[in-house]
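Please guide me through this model in a viewer, one selection at a time. At each stop, indicate what to select and what is to be found there.

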Amino acid sequence: MGAIDVTVALLLISNVIILRAFAVAGPKVIIVGAGMSGISAAKTLSDAGIKDILILEATDRIGGRMRKASFAGLKVEVGANWVEGVNGLEMNPIWEMANKLHLRQFISDFRNISSNTYKDNGGVYLRSEVDKVIEEADKVKSYGEKLSKSLPLGGHEDISILASQRLKDHVPSTALEMVVDYFNYDYEFAEPPRVTSLQNTVPLPTFANFGKEAYFVADQRGFESLVYDLAAQFLRTAKNSSIVDPRLLLGKIVREIRHATSGVTVATEDGSFYNADYVIVSVSIGVLQSKLIKFKPDLPRWKKLAICQFGMSVYTKIFLKFPHRFWPDGEWTQHFLYASERRGYYPVWQHFEKQNPGANVLLVTVTDEESRRIEQQPDSQTKAEAMEVLRNMFGKHIPEATDVLVPKWWSDRFFKGSFSNWPLGVNQYEYDQMRAPIGRVYFTGEHTSKHYNGYVHGAYLAGIDLANMMIKCIKYKTYLTHGIQLANGSEYLNTPGGDSSMFRRLIFLPT
Ligand SMILES: Cc1cc2nc3c(=O)[nH]c(=O)nc-3n(C[C@H](O)[C@H](O)[C@H](O)COP(=O)(O)OP(=O)(O)OC[C@H]3O[C@@H](n4cnc5c(N)ncnc54)[C@H](O)[C@@H]3O)c2cc1C
């Protein structure tokens with residue numbers, strides 16, 4: 001399968017039936033997007049013998065939100081950086097993959113953060129003062145966990161994390177309380193506790209199942225090398241390891257997906273058309289919300305509502321290069337906090353002296369509204385703001401940063417944010433609607449992971465689950481739908497152990 005002649009395509013697009021006449025035997029599957037979930041879905045199909053696949057990726061690389069960049073002589077991660085959820089009851093598959101490749105990774109130990117919390121008017125807080133605030137926050141969190149577990153499963157009584165704090169009569173309000181609160185929640189979900197669902201995030205399945213530890217990847221090959229390694233297991237590569245398989249097309253921006261009971265046609269921005277039996281859409285929930293891709297016929301209203309209700313947060317990692325180090329070095333100093341009265345103002349900092357001694361690089365993370373604000377201003381302004389904060393922490397005589405890197409995930413039309421966050425107001429049923437296929441159009445991506453939305457392992461597992469579901473449908477010549485009453489021929493589908501409990505009804509395709 002490949003690009004078909006544009007004139008023929010224009011003729012064919014008006015008649016999907018004719019298009020099908022050009023098809024060769026066997027299911028063909030187009031995968032939109034070559035991030036972790038798209039590649040993991042494609043590999044699962046390939047392993048099951050479905051080799052007639054075509055991956056259409058908008059950018060000039062694979063990996064999506066796992067992306068390294070060159071900065072100050074280093075390779076830094078502008079997207080995913082941590083293997084989150086390690087050393088628990090279950091094995092995080094990403095941890096296994098990272099170890100197989102011997103990625104350089106460092107445990108992130110935040111225990112000493114209370115010795116490294118800075119006031120916005122200079123100096124650090126007393127350790128005992130910060131410990132007291134952390135202890136109080138931990139008590140409120142434990143209360144939230146108990147409350148969350150007591151809520152009815154349907155989600156109709158879900159509350160926000162902030163509401164649980166209010167119930168415990170503890171709403172962070174001082175600069176110190178706010179930065180600890182930010183560190184506990186916004187630093188993980190990239191949205192504030194007022195937005196985030198208690199029931200679906202506390203406790204978080206990632207840490208409950210895979211373990212509480214997180215490992216920071218600092219490897220010149222990049223975290224993205226996991227995706228390349230996965231791709232190389234089923235796509236042809238050249239001697240220099242670059243992927244040369246014609247089933248992966250880069251720079252292909254999908255703008256339209258036509259779907260019917262007879263097949264699908266995918267149109268790209270450069271005027272090409274591709275036809276197949278099925279399409280898997282692995283773009284982010286932010287891209288789905290942005291309508292970059294038009295569906296014809298349009299997605300049903302219930303599906304669009306579910307997509308629009310879910311959260312796409314913004315998490316921005318700002319890197320700054322300095323001529324020399326002026327921050328404390330040594331064990332336990334890697335992470336430090338800045339407690340501003342303006343919640344979320346350049347709050348969480350990190351140095352790389354352990355990973356890259358002498359690199360003289362700092363990383364500061366901002367999220368949500370601050371991220372959106374920063375994306376809209378010149379990087380020089382962002383650097384000036386960060387410098388002012390650093391001078392508040394370390395004094396007037398620190399050197400000026402010589403370089404700054406500000407990734408812009410929110411403005412990028414192929415991402416529209418960093419990762420999904422489960423907002424208050426979306427129950428399990430609506431979440432399932434967001435993930436549900438529409439006829440021959442299937443959806444994957446981190447935002448469709450049953451337990452691990454927002455994470456690399458969520459993207460990986462969602463791709464596998466979705467592909468397995470599709471394989472079943474192909475095998476039984478069926479397709480799945482959700483949320484609508486079907487005509488004759490509908491029945492129930494049970495897939496024990498699978499992730500398709502949401503898909504209640506099954507309809508037979510006309511053959
Ligand atoms: C700043 C940041 C920090 C993060 N930190 C962590 C972390 O520490 N640990 C962790 O586990 N997770 C982290 N994540 C989340 C993690 O990166 C994602 O959950 C995961 O990589 C998503 O993979 P995906 O395949 O679902 O989506 P993506 O990686 O977004 O893949 C989708 C692909 O679709 C392509 N695409 C989009 N539109 C089109 C179109 N119209 N046509 C064709 N192709 C298209 C995109 O270019 C992209 O390659 C972070 C993410 C970001 C951005």
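Begin by selecting strand 5 (82-86) and strand 8 (residues 213-217), two antiparallel strands joined by four bridges. Within this pair, E84 has A214 in strand 8 as its bridge partner. The model on display is a predicted one.

Now add strand 6 (105-107) to the selection. The three strands form an open sheet in the order 5-8-6, with antiparallel pairing. Strand 5 and strand 6 stand at the edges; each has a single partner strand, so one side of each is left without a neighbour in the sheet. On average, neighbouring strands of this sheet are turned by 25° against each other, direction ignored. As a general point, strands of a sheet pair through backbone hydrogen bonds, either parallel or antiparallel.

Next, select helix 4 (residues 93-100), which lies across strand 5, strand 6 and strand 8. The helix runs at about 125° to strand 5.

Strand 5 also leads to the ligand. Together with helix 3, strand 16 (315-321) and helix 15 (456-475), strand 5 is among the elements that each supply at least two residues of the shell around the ligand. Which residues come nearest to the ligand? Of the 42 residues around the ligand, these are G33, G35, G64, A80 and S418. By residue class, the shell divides into 22 nonpolar, 14 polar and six charged residues.

The following stop concerns an annotation. An unreviewed UniProt entry places the feature "binding site" at S37, E57, A58 and V254. Select S37 to begin; this residue is in helix 3 (residues 36-47). Is S37 buried or exposed? S37 counts as buried because 34 C-beta neighbours lie inside 10 Å, where 20 or more are required. Leaving out residues up to four places away in sequence, S37 touches S282, T444, G445, E446, A459, Y460, A462 and G463.

Move from S37 to A58, in the loop between strand 2 (53-56) and strand 3 (68-71). A58 is buried as well, with 22 other C-beta atoms within 10 Å. Beyond residues up to four places away in sequence, A58 touches K252, I253 and F414.

Continue to a second group of strands by selecting strand 17 (residues 335-339) and strand 18. Three bridges join these two strands, which run antiparallel; F336 has W349 in strand 18 as its bridge partner. On adding strand 19 (residues 361-367), one finds four bridges joining strand 18 to strand 19, again in an antiparallel arrangement.

H351 deserves its own selection. This residue is in strand 18 (residues 348-351), and its bridge partner in strand 19 is L362. Apart from neighbours within four places in sequence, H351 is in contact with W327, Q334 and L362. H351 counts as buried because 21 C-beta neighbours lie inside 10 Å. For a distance across the model, draw a line from H351 to Q381: the C-alpha atoms are 21 Å apart, and the residues are 30 apart in sequence.

The next stops concern the backbone. Most residues other than glycine have a negative phi, and most peptide bonds are trans. Select V202 and P203, where the connecting peptide bond is cis with omega near 0°. P203 lies in the loop between helix 7 (175-189) and helix 8 (205-210). In the loop between helix 7 and helix 8 one also finds A190, whose phi is positive, near 65°. A190 counts as buried, with 26 C-beta neighbours inside 10 Å.

Another cis peptide bond runs from K296 to P297, with omega near -5°. P297 is in the loop between strand 14 (294-296) and helix 11 (301-309). Then select A72, a residue other than glycine with a positive phi, near 50°. A72 lies in the loop between strand 3 and strand 4 (74-77). Why does A72 count as partly exposed? A72 has 19 C-beta neighbours inside 10 Å, whereas a buried residue needs 20 or more.

Finally, display the whole protein, with its 15 helices and 25 strands. Buried residues make up 44% of the 511 residues. Of the contacts between residues at least 6 apart in sequence, 75% join residues at least 24 apart.

Terms used
Residues are numbered from 1 along each chain as its sequence is written. This is a predicted model: local features need pLDDT of at least 70, side-chain atom pairs count only at pLDDT 80 or more; totals for chains, interfaces and linings use all residues. A residue is buried if 20 or more other C-beta atoms lie within 10 Å of its own, exposed if 12 or fewer, and partly exposed in between; C-beta atoms are placed from the backbone. Two residues are in contact if their C-beta atoms, placed from the backbone, lie within 7 Å. UniProt positions are given in the numbering used here, feature names are shortened, and annotations may be inferred rather than shown by experiment. A residue is near a molecule or strand if its C-beta atom, placed from the backbone, lies within 6 Å of it. Ala, Val, Leu, Ile, Met, Phe, Trp, Tyr, Cys and Pro count as nonpolar, Asp, Glu, Lys and Arg as charged, and the others, Gly among them, as polar. Two strands pair if DSSP finds at least two bridges between them. Axes are lines fitted to C-alpha atoms, for helices over the stretch in contact, and angles run from 0 to 180 degrees between N-to-C directions.
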